[in-house]
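User: I am new to this structure and would like a close look at a single part. Please start from one residue and work outwards from there.

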Amino acid sequence: MSLLSLNNVTIRFGGLTAVGNLTETFEQGSLSGIIGPNGAGKTTVFNVITGVYDPTEGGITFGGRDIVPLKPYQIANVGIARTFQNIRLFGGMTVSDNIRVAFNNNAKSGLFASVVQLFNYQREEENYHKQIDHLLDMFGMLDKRNEMAKNLNYGDQRRLEIVRALACKPKLLLLDEPAAGMNPTEKQELMKLIRYIRDTFNIAIILIEHDMKVVMGICERITVLDYGHKIAVGTPDEVKANPKVIEAYLGEPTH
Amino acid sequence: MNKVARPYLFLLLGIIIAFGLSAWADGINPYDQRIVMSIGINMILAASLNLINGFTGQFSLGHAGFMSIGAYGAAIFTTMIAPGMLGEVAGTGMQDVALFMGLLFGGIISALIGVLVGIPSLRLKGDYLAIVTLGFGEIIRVIIQNIPSLGGSLGIANIPRYTTFFWVFFIVAIVVFFIQQLTKSTYGQGFLAVRDDEIAAEAMGVNTTRYKVEAFVIGAFFAGVAGGLYGHYNELIRPADFDFLKSVEIIVMVILGGMGSTYGVLFAAALLTYVPEFLRGFELFGVKFDSFRMSIYSLILIILMLTRPQGLFGGINFKKLMKVGRKSVVGNQ
Ligand SMILES: Nc1ncnc2c1ncn2[C@@H]1O[C@H](COP(=O)(O)OP(=O)(O)OP(=O)(O)O)[C@@H](O)[C@H]1O
Ligand SMILES: [Mg+2]
């Protein structure tokens, strides 16, 4: 059984079909890419998977379970985490608290236990901080733990978004243009990082990316969208050689 | 262990201060007493509104409405329900019990109405939420005004004066403890996440609706308690005491203190309660400030907002400041 299946998903905004009849599956532990020109509907696909929008038509299952009726926070809790194309950190909170938000949903301590803060609370809290420090250490950001998120440099902000998503312990991680705004060295590091995440956390990753070097370099399978429709799917080499893809990108017929 | 004990020591300190204040303030003249009492009640109102507006980022303009529900609820309890339950309590030790139960009664009713109002209206954002909560406050006022058994616009008079300095500042200490602990906890990070970015919060599994309603209900509860304290000090409550301007007054304290900074908000509550009273008797070069004290009050607000738009205490990373302080003491290792 596939981890995530989109079955004939269509999303319309008024008269505009942002995504049309998309059928696609993503496997456990896979590293896939979604590419396509600007406005092709890539981010919209992420938004519909994570429940920000409901599909106009079609269904989505995750681990065999229909997730269309679920609210965004419930979808996060069944194991789908994401980052955003336009970074969405909790700017007024510290790096460490940005990550701590991830634990609020499995926190056994409810409202009143969190006020009293006795008994198991302290042990739980220590456990969270250990996990946070471990994650930050892994991504070389431990020294920034008490920094306000909004004061981080661009690269660290992108990295924190990924760390924060990982703290949610997802089975599937959606990355929306993580390399945007990075220089070539940072991009190299990011590629290493994404592979590392997939291997250490053993999760599936779907990546939206405009930088072909990055996508072709790390994705095992790529889906190409154009005007909301899937025009190609396959390995990086297959996709690169596909005339429809070349046409979509270069805007001229190849035949 | 230190980390566990420290907030409790602060709470204890707060309670000791409440004792100290009540010992001191019992001896001062009634006019000054009233100011100290108002400061305490406004601290409760501002700190609790800060959970909604400052920490959770939901702009509510209905706090005076919740205060009035608590005030009427508590007054009804002590004047009508308590005598049946506890017998004659005035002047006996039982009056504190009656007050405590009355405050709880008023607070709970206020919280329940907070749920009813919160669930539908917290779907709205920003200006829309402000307008709806403003409308709620006014509706409550008009409803009370039109219920003859609640005294209409004349209100309820002859409420027994059970509120003491100790009660007021004891509850200030409790509110501060409650909100500080909650917003520092892992669970409490959800409130801050909702404030900073709702979409990102949902994407991380935060049930944003639940957090918003919870903040609203906790805020409503404490506003209700503050209302009960007010009624049992003032001995008279009228719908006009809880109008739109009262809500604005509390909002200004929150904004001036710095959204999300509990101590800043307490300070602003004290300052903004004291300054108009201080100006009342202030004289400089033979000019009496009494007649234009509200203009000066407004001027101070404008200057403060221009120079510190984030509030007096807002936007300060105390954790980092303390670290830097400690480092400079220890020297660079
Ligand atoms: N909430 C919305 N309301 C109306 N139209 C929308 C909405 N969200 C997206 N669209 C439209 O849907 C289309 C697809 O947008 P989407 O953001 O998914 O593109 P994208 O492939 O991510 O593009 P980019 O590479 O620029 O990020 C665009 O035409 C966009 O204007
Ligand atoms: Mg996009």
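Analyst: V225(B) lies in helix α9 of chain B; helices (H or I, at least four residues) and strands (E, at least two) are DSSP runs, numbered from the N terminus. The model is predicted: local features need pLDDT of at least 70, side-chain atom pairs count only at pLDDT 80 or more, and totals for chains, interfaces and linings use all residues. Residues are numbered from 1 along each chain as its sequence is written, while chains are lettered from A and ligands numbered from 1 in the order in which they are written.

V225(B) counts as buried because it has 33 C-beta neighbours inside 10 Å. The term buried applies if 20 or more other C-beta atoms lie within 10 Å of a residue's own, exposed if 12 or fewer, and partly exposed in between, with C-beta atoms placed from the backbone. Setting aside neighbours within four places in sequence, V225(B) is in contact with I44(B), G70(B), L103(B), G106(B), G107(B) and I171(B). Two residues are in contact if their C-beta atoms, placed from the backbone, lie within 7 Å. L104(B) is 121 residues away from V225(B) in sequence, yet the C-alpha to C-alpha distance between them is 6.8 Å.

The chain around this residue has 13 helices and 2 strands. Of the 333 residues of chain B, 49% count as buried. Among contacts in chain B between residues at least 6 apart in sequence, 81% join residues at least 24 apart. Along the principal axes, the C-alpha atoms of chain B fill a box of roughly 65 × 55 × 45 Å. The radius of gyration of chain B is 21 Å, which agrees with the value near 20 Å for a compact globule of 333 residues; the radius is taken over C-alpha atoms, and the globule rule is 2.2 Å times the number of residues to the power 0.38.

Helix α9 of chain B (208-234) also has a part in the interface with chain A. In that interface, 29 residues of chain B are in contact with 35 residues of chain A. On the chain B side, α6 (165-184), α7 (189-196), α8 (198-203), α9 (208-234) and α13 (318-330) each supply at least two residues. By class, this side of chain B divides into 12 nonpolar, 10 polar and 7 charged residues. Here Ala, Val, Leu, Ile, Met, Phe, Trp, Tyr, Cys and Pro count as nonpolar, Asp, Glu, Lys and Arg as charged, and the others, Gly among them, as polar.

I44(B), one of the contacts of V225(B), falls within helix α2 (residues 30-55) of chain B. Helix α2 of chain B packs with helix α11 (residues 262-280) of chain B at an angle of about 145 degrees, and their axes are 8 Å apart. Axes are lines fitted to C-alpha atoms, for helices over the stretch in contact, and angles run from 0 to 180 degrees between N-to-C directions. The residues of α2(B) that make this contact include I35(B), M43(B) and N50(B), and those of α11(B) include T262(B), A269(B) and E277(B). The contact of α2(B) with α11(B) has 11 nonpolar, 5 polar and 1 charged residues.
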